[in-house]
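Student: Could you show me how to read a model like this one, feature by feature?
Tutor: Sure, let's look at it together.

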Amino acid sequence: MSLFVWPEPATDFVSEVIAPEAYQTGCYFVFKGSDILLRFDTAGQWQPMGHAEAAQFNGTASKVHYMGRMADMPCFAVETAGLEGETFGGLRSLFGHTDNLTFSLAGRAAQIVDWYRSHQFCGRCGLAAIEHSQDRAMICEVCKIHSYPRLSPSIIVLIHRQGEVLLARNQRFPQGMYSTLAGFVEPGESIEETLIREVKEEVGVNVTNLEYHGSQPWPFPNSLMLGFHAEYESGDIVLQEEEIADAQWFDCQQLPMIPGKVAISRWLIDAYLTRLGIPIES
Ligand SMILES: [Zn+2]
């Protein structure tokens, strides 16, 4: 099995729950509902809020979550009711306007804000929940249930067959765009079982020789994508019509429109092209 993780994992960030007692710098990911504060520099790069400015409204923010340190800079997820004169938008607004590490931190912040907002009450007895003092968890003192931020593991897979790849599109994709197949892990399933089941359900083919390539947190809303290559084994393409609008084998020299470099689907495709010796777009 070849393990090909690309891009490199973000090692500069250290996750922590308890904020330092004093700090003079900070990086703030500011939200209104699920939308993030949108500010861009003159080069079009998205900018988090800095420490001095955030300090002015920290007292009025609905909630400030400490996330950890990025190269010793404390990072925070901040929930607000909005800021006058400012624009907020979905996390997808950051695509193409930030590096992978910053995007992953914004996604982490969005999920922490969403988790906290969605776990104010115990899901079993309905009483108000309280925050754990040491962990990122909400607790019901009666039921003793701990509610951690939820993650939904998913597989994403590039199916290949001697220089061809099987790509699919669903109705929500932009016109003409094709991508790899993906699906959520069900309770009781191994990752490998999920992959084989999802491929069979969505396009009707059987695959073998699964190769794990790497993973990507995908905060829409809380997926963790586990990326594979899989070799075609048998079967004709039969579409699961409720989900898949079209699926085809494509020659790697003549690919259709595919997702941008922010997404693991693209990394999986590029990794296969590299394996074939086909130059990839930078
Ligand atoms: Zn309870």
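Tutor: Let's begin with a definition: two strands count as paired if DSSP finds at least two bridges between them. Keep in mind that this is a predicted model. Now take β11 and β12, which form a hairpin with two residues between them.

Student: What is the phi of Gln 162 in that turn?
Tutor: Gln 162 has a positive phi, about 50°. The two arms of the hairpin, β11 and β12, run antiparallel and are joined by three bridges. Across from Arg 161 you'll find Glu 164 in β12.

Student: What holds paired strands together, in general?
Tutor: Strands of a sheet pair through backbone hydrogen bonds, in either a parallel or an antiparallel way. Here, β12 also pairs with β16 (residues 246–251), in the antiparallel sense and over six bridges. As an example, Arg 169 has Asp 246 in β16 as its bridge partner.

Student: Let me step back to the whole chain. How many helices and strands are there?
Tutor: The chain has four helices and 16 strands. Its C-alpha trace spans about 60 × 50 × 35 Å along the principal axes. Of the 282 residues, 27% are buried. Among contacts with a separation of 6 or more, 66% are between residues 24 or more positions apart.

Student: Which domains is the chain divided into?
Tutor: There's domain 1 (13–118), domain 2 (121–149) and domain 3 (152–276). Taken over C-alpha atoms, the centres of domain 2 and domain 3 are 37 Å apart.

Student: Next, cores. What do nonpolar side chains tend to do?
Tutor: In soluble globular proteins, they tend to be buried together. In this model the largest nonpolar core has 29 residues, and Val 157, Ile 159, Val 199 and Leu 268 have the most contacts inside it. The elements that give it two or more residues are β11 (152–161), β12 (164–169), β13 (181–184), α3 (191–203), β15 and α4 (264–276).

Student: Which element gives the most to this core?
Tutor: That's α4, with six residues. For a residue-level view, try Val 199. Leaving out residues up to four places away in sequence, Val 199 touches Val 157, Ile 159, Leu 181, Val 205, Val 207 and Ala 230. Another core, of 22 residues, lies apart from the largest one, and its members include Tyr 28, Phe 31, Cys 75 and Phe 76.

Student: Back to sheets. In what order do the strands of the open three-stranded sheet come?
Tutor: The order is β8-β9-β10, with antiparallel pairing. Two bridges link β8 to β9, and Glu 131 stands opposite Met 138 in β9.

Student: Why is one side of β8 and of β10 left without a neighbour in the sheet?
Tutor: Because β8 (130–131) and β10 are the edge strands, and each has a single partner strand.

Student: And what leads into β8? Where is Ala 128 found?
Tutor: Ala 128 is in the loop between α2 (100–118) and β8. Setting aside residues up to four places away in sequence, Ala 128 touches Gln 120 and Phe 121. Also, Ala 128 and Glu 141 are 13 residues apart in sequence, with 8.8 Å between their C-alpha atoms.

Student: Is Ala 128 buried or exposed?
Tutor: The cut-off for exposed is 12 or fewer other C-beta atoms within 10 Å. Ala 128 has 10, so it's exposed.

Student: Which residues should I look at for unusual backbone geometry?
Tutor: Try Lys 144, which isn't glycine yet has a positive phi, near 65°. Lys 144 sits in the loop between β9 (138–139) and β10 (146–147), and it counts as exposed because it has 9 C-beta neighbours inside 10 Å. Asn 209 is another non-glycine residue with a positive phi, near 50°. Asn 209, however, lies in strand β14. With 12 C-beta neighbours inside 10 Å, Asn 209 counts as exposed.

Student: Last one, the peptide bonds. What kind of peptide bond joins Phe 220 and Pro 221?
Tutor: A cis one, with omega about 0°. You'll find Pro 221 in the loop between β14 (206–218) and β15 (223–234).

Methods
Residues numbered from 1 in each chain as written. Predicted model: local features only at pLDDT ≥ 70, side-chain atom pairs only at ≥ 80, totals over all residues. Buried ≥ 20, exposed ≤ 12 C-beta atoms within 10 Å, placed from the backbone. Contact = placed C-beta atoms within 7 Å. Domains from an automatic or database assignment. Core = buried A, V, L, I, M, F, W, Y, C linked by C-beta atoms within 7 Å.
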